[in-house]
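The following exercises are to be worked through with the coordinates at hand. Each task is followed by a solution in steps.

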Amino acid sequence: MKMLQAIDIYKRFQNLEVLKGISLTLEQGEVAAVIGPSGSGKSTFLRCLNRLETIDRGTIQIEGEVLVAPGPDGRSRYVPEPEARRICGRMGMVFQQFNLFPHLTVLDNLIEAPVVVKGLKREEVIPEAEELLRKVGLAEKRDSYPARLSGGQKQRVAIARALAMKPDIMLFDEPTSALDPELTGEVLKTMRKLAEEHMTMLVVTHEMAFAREVANRVVFMDNGEIVEEGTPKVIFNCPTHSRTKAFLEKVL
Amino acid sequence: MQYLGMIIGPMLDGTLVTLKMFFVTIILSLPLGLCLALARISRFKWLRGATGVYIWLLRGTPLMLQLLFVYFALPFIPYIGVRLPDFPAALVAFVLNYAAYFAEIFRAGIQSIDRGQYEGAKVLGMNYVQTMRRIILPQVICRVLPPVSNETITLVKDTSLIYVLAMNDLLRTARAIVQRDFTTTPFLVAAGFYLVMTLVLTWFFQRLEKRYGIYDE
């Protein structure tokens, strides 16, 4: 089943064209890593998928439902806001800067959205939230405020918070880029666990080891285009494009 | 000492007028200020513009002029003109004026919240009202407490302007006694009363800051 389908996405900021016809499909349980130089548009592409940015042209479908498609005039048209919110609710997102809610405890960060958005009762959600915290190894931090956590812990809470909404797809926007090198391991481990549970994942990352070992597919973006995609083996061992080769030579 | 006992009664009456004006103004102007702040940063240009003009007018003219206007000039304006008794007239002027100042404080507070907080709420499926109520405003309250406390203390003292409408607040009462008895003691007593009121406020806001600041960002 196609979990996510983006077709021919165009996006410009004023005079700068950041996405020049990006197409990408994610199947159920697939883990795709998007790599590429900074400024290549990979984060923007990810942010377009759950309408943190609006696209200028193209089609986005989530689990077969249209989020945005071209109208009669060719410009993209989004479905109405409540509908869009419901469709995008199938995706969870993890940010580079965590974006935890500082005024809420770790536990409340997890249960806030299920309670406020889904209208569930606190008592119903708390056991699930505690289970998620155990899963990311932070059960004992449930009553701490985010300010008291290390970067790695914050990011694991952010992953748990996204999972608390029971998404079918998880989007990761450079989840380890703001972390000290010795803290990236714990976050990557959590993500690896998720991948093993067959979560559909789209990960924008600079962690080549993660892309190589965990992803089923690696997508190389440069200058607003997908230059090349394939299995990690193909991309890392015998890339066909010179731009891919040049990039990998720099980072590996 | 005996003299103090004699003047304390009327001065307490005056304090009551001051406090009444103060509390009602605060209770009404804080929510109005919040609404104005949200209007000031809304996506509708006309609404932003209109609020901007409102704030400019109310912050740009003396509060005393606004008091006089509502009491003396408003009755003569065609269609909307109403003649208000002194307390409601003063209240309207104070609320409209303070709401303009609070609006700017709240606006600054809301805009100081990181964009990532909105994005975090959005990807969790929250709508505008949910995001504001549950995520943004709780953080704003903590940040705006010091400037709000400032304004509040100013308001206690600004209430003394109602003397222009011949209302017997604390300061006007004190002045009347001074002129009657040829002694400045009532001024000292009035100063003492104002100081006690602001002391209580300062203490109150310190407690609020502690309560809302537990999560240190």
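The model is a predicted one.

**Exercise 1. Surroundings of A:Glu174**

Determine which side chains A:Glu174 meets through polar contacts, and where A:Glu174 lies in chain A.

Solution.

Step 1. Begin with A:Ser177: its side chain and that of A:Glu174 are joined by a polar contact of 3.0 Å.

Step 2. A further polar contact, of 3.3 Å, links the side chain of A:Glu174 to that of A:His206.

Step 3. Locate the residue: A:Glu174 belongs to the loop between S8 and H6 of chain A.

Step 4. Set aside the neighbours within four places in sequence; A:Glu174 then touches A:Lys42, A:Ser43, A:Gln96, A:Val204 and A:His206.

Step 5. Classify the accessibility. The relative accessible area of A:Glu174 is 11%, and the limit for a buried residue is under 20%, so A:Glu174 is buried.

**Exercise 2. A salt bridge between buried partners**

Identify the salt bridge that A:Glu174 forms with A:Lys42, and establish which parts of the chain it ties together.

Solution.

Step 1. The side chains of A:Lys42 and A:Glu174 form a salt bridge, with an N to O distance of 4.0 Å.

Step 2. A:Lys42 is part of helix H1 (residues 42-49) of chain A, whereas A:Glu174 sits in the loop between strand S8 (169-173) and helix H6 (181-196); the pair therefore ties together parts 132 residues apart in sequence.

Step 3. Compare each partner with the cut-off: A:Lys42 is buried at 3% relative accessibility, and A:Glu174 is buried at 11%.

**Exercise 3. Further salt bridges in chain A**

For the pairs A:Arg156 with A:Glu186 and A:Arg217 with A:Glu229, state the distance and the elements that are linked.

Solution.

Step 1. In the salt bridge of A:Arg156 with A:Glu186, the closest N and O atoms are 2.6 Å apart.

Step 2. This pair links distant parts of the chain, with A:Arg156 in helix H5 (residues 151-163) and A:Glu186 in helix H6 of chain A, 30 residues apart.

Step 3. A:Arg156 counts as buried, at 11% relative accessibility, while A:Glu186 counts as partly exposed, at 24%.

Step 4. In the salt bridge of A:Arg217 with A:Glu229, the closest N and O atoms are 2.4 Å apart.

Step 5. A:Arg217 lies in strand S10 and A:Glu229 in strand S11 of chain A, so this pair ties together parts that are 12 residues apart in sequence.

Step 6. A:Arg217 is buried, with 14% relative accessibility; A:Glu229, at 36%, is partly exposed.

Step 7. Extend the view to shared partners: salt bridges join A:Glu63, A:Glu65, A:Glu83, A:Arg86 and A:Arg90 into one network. Over all chains, the structure holds 26 salt bridges.

**Exercise 4. The two sides of a helix**

Establish which residues of helix H9 (residues 242-251) of chain A are buried, and which are exposed on its other side.

Solution.

Step 1. The buried residues of H9(A) include A:Thr244, A:Phe247 and A:Leu248.

Step 2. Around the axis these residues cover an arc of only 95°, which places them on the same side of H9(A).

Step 3. Recall the underlying geometry: an α-helix has 3.6 residues a turn, so residues three or four places apart point the same way.

Step 4. The other side of H9(A) carries the exposed residues A:Ser242, A:Glu249 and A:Lys250.

Step 5. Find the cover. Among the elements over the buried residues of H9(A) are strand S3 (31-35), helix H7 (208-213), strand S10 (217-222), strand S11 (225-230) and helix H8 (232-237) of chain A.

**Exercise 5. Positive phi values**

State the phi values of A:Asn99 and A:Glu174, and give the setting of A:Asn99.

Solution.

Step 1. Recall the general expectation: most residues other than glycine have a negative phi.

Step 2. A:Asn99 is not a glycine, yet its phi is positive, at about 55°. For A:Glu174, also not a glycine, phi is positive and near 45°.

Step 3. A:Asn99 occurs in the loop between strand S7 (91-94) and helix H3 (106-116) of chain A. With 8% relative accessibility, A:Asn99 counts as buried.

**Exercise 6. A surface patch on chain B**

Name the residues of the nonpolar surface patch that includes B:Trp203, and place B:Trp203 in its helix.

Solution.

Step 1. The patch is formed by B:Val196, B:Val200, B:Trp203 and B:Phe204, which together have about 420 Å² of accessible area.

Step 2. B:Trp203 lies in helix H8 (residues 185-212) of chain B.

Conventions
Residues are numbered from 1 along each chain as its sequence is written. Chains are lettered from A and ligands numbered from 1 in the order in which they are written. This is a predicted model: local features need pLDDT of at least 70, side-chain atom pairs count only at pLDDT 80 or more; totals for chains, interfaces and linings use all residues. Side-chain values use heavy atoms; hydrogens and water are left out. Patches are made of residues with over 30% relative accessible area and no salt bridge: like charges are joined within 9 Å, nonpolar side chains (Val, Leu, Ile, Met, Phe, Trp, Tyr) within 5 Å. Accessible areas come from the Shrake-Rupley method with a 1.4 Å probe; for residues, only the protein chains shown count as cover. Helices (H or I, at least four residues) and strands (E, at least two) are DSSP runs, numbered from the N terminus. Buried means under 20% relative accessible area, exposed over 50%, partly exposed in between (1.4 Å probe, protein chains only). The arc is that of the directions from the helix axis to the C-beta atoms. Contact means heavy atoms within 4.5 Å. A polar contact is a pair of N or O atoms within 3.5 Å; within protein, one must be able to donate a hydrogen and the other to accept it, and residues adjacent in sequence count only if both atoms are side-chain atoms.
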